[in-house]
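Got a minute to look at a strand and its neighbours? Have the model open while you read.

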Amino acid sequence: MKSYPTLRRWLAAGISLAVLGVVVVLVAHPSSPVGPVEKARADEIQAKISDAWALFGGTASRNMVNTVDKNVPFECNVEKGQEKNIKWSAQLGSKSYGGPIIAGGQVYAGTNNEAPRNPKITGDKGILMCFKESDGSFLWQAVHDKLASGIVNDWTREGLCSTPCVEGNRVYYVSNRCELVCADTHGFLDGKNDGAHDEQYTSKIDADFIWRLDMMKELNVFPHNMSACAPLIVGDVIFVVTANGVDEGHINVPSPKAPSFIAVDKKTGKLLWSDNSPSNALLQGAGKEADFKQLVNKGELLMHGQWSNPAYAEVNGHPQVIFPGGDGWLRSFEPATGKLLWKFDCNPKNSKYELGGRGTRSDFIATPVVYDKKVYIGVGQDPEHYEGVGHLWCIDLEKADRLGRTNKDNDVSPKNDNFDPKNSVNKDSALYWHFGGPVSPELAAKIGRDYQFGRTMSTCAIHDGIVYVGELAGYLHCLDAQTGEEYWNHDLKAAIWGSAYWVDGKVYIGTEDGDIFVFSHGKQKKVLGTMEMKHPVRSTPVVANGVMYVLTESVLYAIAKP
């Protein structure tokens, strides 16, 4: 049985350029220290998985694959008094989406304040908790008050939904208040205030903030319901999707000039460049409800919120940062300057957006994955909108990089809703393959629905030329990474919010019913077992140093063989 949460919302980019009468807000600061981005090679900026899982996806390519760790368990028991393979567990709040992240001997998780670590701090808050990796002992927490504007910007009891990124002695994340935060990984445990001196909470178990960029105050961002981006660091620059979105009426974007994508100096928190492409159309004189709906259905305006994450690639010596937009377009930018390199429309031109399951146009919750000079991503929506038709795309990065320089408007999308990459109409498209969309009545009768692949919140895991990807409706798909051919699928019979994770020749994926399914890697389906966690798993299980970390709704588990 598919299950959905009772919560209302889960979430657990100036210089004005005029081109053919279209004004794009792109803020750039050429004098800013962005040189390291231009010089960085992909292999130099990848996180070392051997002793850490330091950012969402493990590396800047965001691929949910760990080729280092071995002997990872695929069974456990979390029942009190009957524990099996449980190294330690730690109590969280009542909702937990951010992480887990493991780096520098510490584990980080985003949650709420329903189980206060500091009895003096009560009420609804966004919380980042930090634990000792070896035994799970609590070290410190970052506490963020709720926004006074309420649920339109910061939904009740959803906590901190951003998955942090750790580099050295700094941890970066986006708070529930739409702030990009840089904090000391030691908190105030070291007895020093290393950065900003305006912290509200300063006990030994509180966070030591180095700097904070308030995207609402300083950039006029209007987050819809929640801010959730998992920051990406390349060289000295942090890249973030801001969460700029619609208001409570869902037919207006209050801040169309505000950025959807930003690049920030990791040392100072200073804005380097920004881009507002997903909302720029509203600056052309439109703005009425009819205009809003028309622009959305033409793929020219963001639909709802923006809760995905950027990825990094280097193709033929050309670095690029890839941003998923709330208008359903995937865009690639030159990391140092914010110059648009290419864009790809991930929705059919004839699709329509509607709140709820009836609509056929979607944006992104999933994160783009870079693998073998290609990028993979599926479309989806806020899970409150339930199931619906989806699309999984494979884009040729070499073609995108080349054609984006000459195609009109840098557009490398498929043409005329023809998704055959070999068709002559797509000679100027970077489409490599497509999976999903409506199916024939005969196939619909066989599979029990009228589309092949549904909306997804899941980021791909790709290894040995095989793609593993879940969809909200509870199906795990196994595909050929080269052709998009489906090898097999499996109905987990519960909603999937997280991603498949490949490690040690196995594939792990959690469900909202609290089960982690374990499959053997390969083109033939083989279920190895199920780990019952007793609480919803709305994140992705990850592994570091031979230990699997599972973030359930209210408990963080470290799972390892004795």
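Here are some questions and answers on one strand of this predicted model.

Q: How many helices and strands does the chain have, and what share of its residues is buried?
A: The secondary structure comes to six helices and 35 strands. Out of 562 residues in the chain, the buried share is 64%.

Q: Which residues of β30 lie on the side opposite V507 and I509?
A: Side chains in a regular strand alternate between the two sheet faces. In β30, V507 and I509 sit on one side, and both faces are covered. Five of the five residues in this strand, 506-510, are buried. The other side therefore holds, in alternation, the buried residues K506, Y508 and G510.

Q: Which residue of β30 does W502 stand opposite?
A: Strand β29 covers residues 501-503 and pairs with β30 in the antiparallel sense, over three bridges. The two make a hairpin with two residues between them, and D504 in that turn has a positive phi of about 55°. Across from W502 in β30 you'll find V507.

Q: Which residue takes a positive phi in the hairpin of β30 and β31?
A: β31 spans residues 515-520 and runs antiparallel to β30, with five bridges joining them. G510 stands opposite I516 of β31. Four residues lie between the strands of this hairpin, and the one with a positive phi, near 95°, is G514.

Q: What percentage of the chain's accessible surface belongs to carbon and sulfur atoms?
A: The accessible surface of the chain adds up to about 20200 Å². The part belonging to carbon and sulfur atoms is 49%.

Definitions and conventions: Residues numbered from 1 in each chain as written. Predicted model: local features only at pLDDT ≥ 70, side-chain atom pairs only at ≥ 80, totals over all residues. Heavy atoms only, no water. Buried < 20%, exposed > 50% of the residue type's maximum accessible area, 1.4 Å probe, protein only. Pairing = 2+ DSSP bridges. Areas by Shrake-Rupley, 256 points an atom, 1.4 Å probe, with all protein chains shown as cover.
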